[in-house]
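Visitor: I have just opened this one and don't know where to start. Can you walk me through it?

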Amino acid sequence: MEGQLNSRYVELNMGPQHPSTHGVLRLKLLLDGETVKNVEPVIGYLHRNAEKICELDYYCDSLIYFDRMDYVAAMNMEVGYLEAAEKLLAIEPPERVKWIRVIMAELNRLASHLVWAGAFGLDLGMITPFFYFFEEREKILNLFTEICGSRQETNYMSIGGVYQDFNDKIIFKIKQFLKQFPKKMEGAYSLFIKNDIFLSRTKGIGILEPEVALSYGVTGPMLRASGVPYDVRKDAPYLVYDKLNFDIPISKGKDVLARCIVRFEEMRQSVKILNQALDKIPDGPYFNPKAKKSLMIRLRGEGDVYARTESPKGEFGVHLVGDGTVKPYRLHVRSPAFKNLSVLPFLSRDVLIADMVAISGSIDLVFGEVDR
Amino acid sequence: MPYEVKEEAGKDGRKIFLIQKENFLELMTDLRKQGYDHLSLITAVDFRDRIELVYHLQKSASNFELLTVRTVTYDSTIDSVTSIWESANWDEREQYDMMGVVFRGHPNLKRILLPEGWVGYPLRKDYDLSKNQYVNMDDEGNDRVSFDPGDGW
């Protein structure tokens with residue numbers, strides 16, 4: 001089509017500031033009437049090259065750049081980095097720390113899915129659910145404030161431990177939150193699932209076959225909604241996920257609705273995990289003395305490791321290479337949202353613009369992570 | 001097999017295949033036939049005289065078990081695997097963008113995160129961090145990169 005004068009197709013630029021593109025995503029659309037013929041995502045507007053910055057910093061300093069990758073799920077990013085860094089530096093966190101990390105990661109998974117749900121409702125023109133979801137998210141962020149001192153970019157964990165220990169008051173507060181949460185979530189969920197308009201806008205839209213999803217490197221709830229039960233927490237357990245009893249929800253629907261249902265079921269599973277973890281959390285130290293503050297910048301690592309963890313968006317992988325100095329030689333991040341976004345042009349062929357917005361909403365994009 | 005694959009265990013217990021660059025595409029094709037249907041990640045590491053490419057593959061049939069394939073290139077070129085896995089498309093573009101590795105046979109090899117026209121490859125060890133580059137947009141809506149601060153926003 002390029003270079004020809006063709007009155008049939010119209011080129012339209014969507015973004016980088018359009019509200020339903022979830023940040024600074026620019027889509028070059030080729031339209032035939034209201035049907036999308038081709039989409040070309042243009043990304044990189046939020047690019048900071050965190051990988052290069054990490055190469056210039058000590059191992060312990062790199063953590064804050066991970067907070068700012070998937071900024072709605074900072075805890076999961078921290079867990080991902082520390083899985084790799086602790087393997088490379090051969091520092092084992094104490095048992096209690098592992099449980100604390102699981103609790104924080106799952107709380108943040110809830111928060112991340114709640115943000116997604118609110119934003120997804122907005123994409124489809126529903127404003128009401130947004131407030132219910134964000135009210136619950138705010139409660140989680142308040143818990144974070146109490147535990148770590150900040151809301152979103154928490155910088156809570158550190159190599160070999162966490163910044164502050166849990167106390168009984170915090171555990172009580174999280175339990176209280178969990179008691180009221182399922183009811184609130186189900187109430188807001190019914191605004192989605194019992195709404196005919198919502199169903200007709202999501203059912204059968206954006207069908208993603210499992211083979212295609214695998215070939216495109218799609219992971220996380222998107223892959224599970226296509227019927228592939230891949231979850232790093234089950235397939236390659238890290239922290240203490242092998243000691244917890246939970247299920248991996250999958251759906252055979254393959255469409256936008258299936259992705260929505262899978263994410264809500266994941267929230268229920270997260271609540272299940274949290275309840276177990278809060279009961280089982282053992283006593284003990286909350287950091288490894290080998291990595292106490294004064295020794296932190298002297299940690300040296302050699303060799304290369306790859307660690308994968310399950311972030312709310314999918315498989316979050318960190319490939320870390322050390323050359324025996326106090327700084328990483330090379331760090332590469334496998335960003336799940338980046339890979340999930342690459343399937344958008346395939347999914348949006350010959351669909352309406354409004355459906356394309358629904359599809360891009362169902363991917364759960366966070367641009368801090370896509371652009372890094 | 002007509003080619004030689006060296007196998008070793010990584011520091012974290014991963015299975016790693018080392019392969020000559022010449023036989024690389026053959027090995028990848030064979031691995032795809034053996035059921036490695038998920039290409040998780042492509043990484044490049046700059047060792048100044050050579051660039052090491054690292055591919056993380058997973059097999060969906062057996063719990064997404066991880067396999068790492070490593071190869072080395074001295075002239076920054078390697079065969080593209082986009083014909084085997086679709087996900088290589090964006091990954092290879094990212095490595096081209098950041099590391100300057102040219103993937104032979106890639107259908108659309110251009111920068112993905114940085115604007116077209118950026119000078120240098122940021123993740124190379126010899127990249128000059130002291131020079132600022134400024135990005136602006138021309139009337140056509142295309143990105144324009146220059147070293148002149150007056151061109152910035």
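Guide: A definition to begin with: two residues are in contact if their C-beta atoms, placed from the backbone, lie within 7 Å. Among contacts in chain A between residues at least 6 apart in sequence, 71% join residues at least 24 apart. Keep in mind that this is a predicted model.

Visitor: OK. How many helices and strands are there in chain A?

Guide: Chain A has 16 helices and nine strands.

Visitor: And what box do its C-alpha atoms fill?

Guide: Along the principal axes, the C-alpha atoms of chain A take up a box of roughly 70 × 45 × 35 Å. The radius of gyration of chain A is 21 Å, which agrees with the value near 21 Å for a compact globule with 372 residues.

Visitor: What share of chain A counts as buried?

Guide: The figure is 53% of the 372 residues of chain A.

Visitor: Now the two chains. How many residues of each are in contact?

Guide: On chain A there are 29 residues in contact with 27 residues of chain B.

Visitor: Which elements of chain A give two or more residues to that side?

Guide: Three helices and three strands are named: α1 (50-55), α8 (210-215) and α13 (336-341), along with β6 (302-311), β7 (314-323) and β8 (328-334), each in chain A. By class, the side of chain A that touches chain B holds 10 charged, 10 polar and nine nonpolar residues.

Visitor: Switching to chain B. What domains does it have?

Guide: The domain assignment gives domain 1 (5-112) and domain 2 (114-153) of chain B. Their centres, taken over C-alpha atoms, are separated by 28 Å. The contact between them takes eight residues from domain 1 of chain B and nine residues from domain 2 of chain B.

Visitor: Which helix gives the most on the domain 1 side?

Guide: That is helix α2 (residues 88-99) of chain B, with three residues on the side of domain 1 that touches domain 2. The residues on that side of domain 1 of chain B divide into five charged, two nonpolar and one polar.

Visitor: One residue to finish. Where is B:R48?

Guide: B:R48 sits in the loop between β3 (38-46) and β4 (51-59) of chain B. In sequence, B:R48 and B:K125 are 77 residues apart, while in space they are 6.7 Å apart, C-alpha to C-alpha.

Visitor: Is B:R48 buried or exposed, and why?

Guide: B:R48 is exposed because 8 other C-beta atoms lie within 10 Å, and a residue counts as exposed with 12 or fewer.

How values were computed: Residues are numbered from 1 along each chain as its sequence is written. Chains are lettered from A and ligands numbered from 1 in the order in which they are written. This is a predicted model: local features need pLDDT of at least 70, side-chain atom pairs count only at pLDDT 80 or more; totals for chains, interfaces and linings use all residues. Helices (H or I, at least four residues) and strands (E, at least two) are DSSP runs, numbered from the N terminus. Ala, Val, Leu, Ile, Met, Phe, Trp, Tyr, Cys and Pro count as nonpolar, Asp, Glu, Lys and Arg as charged, and the others, Gly among them, as polar. Domain bounds come from an automatic or database domain assignment. The radius of gyration is taken over C-alpha atoms; the globule rule is 2.2 Å times the number of residues to the power 0.38. A residue is buried if 20 or more other C-beta atoms lie within 10 Å of its own, exposed if 12 or fewer, and partly exposed in between; C-beta atoms are placed from the backbone.
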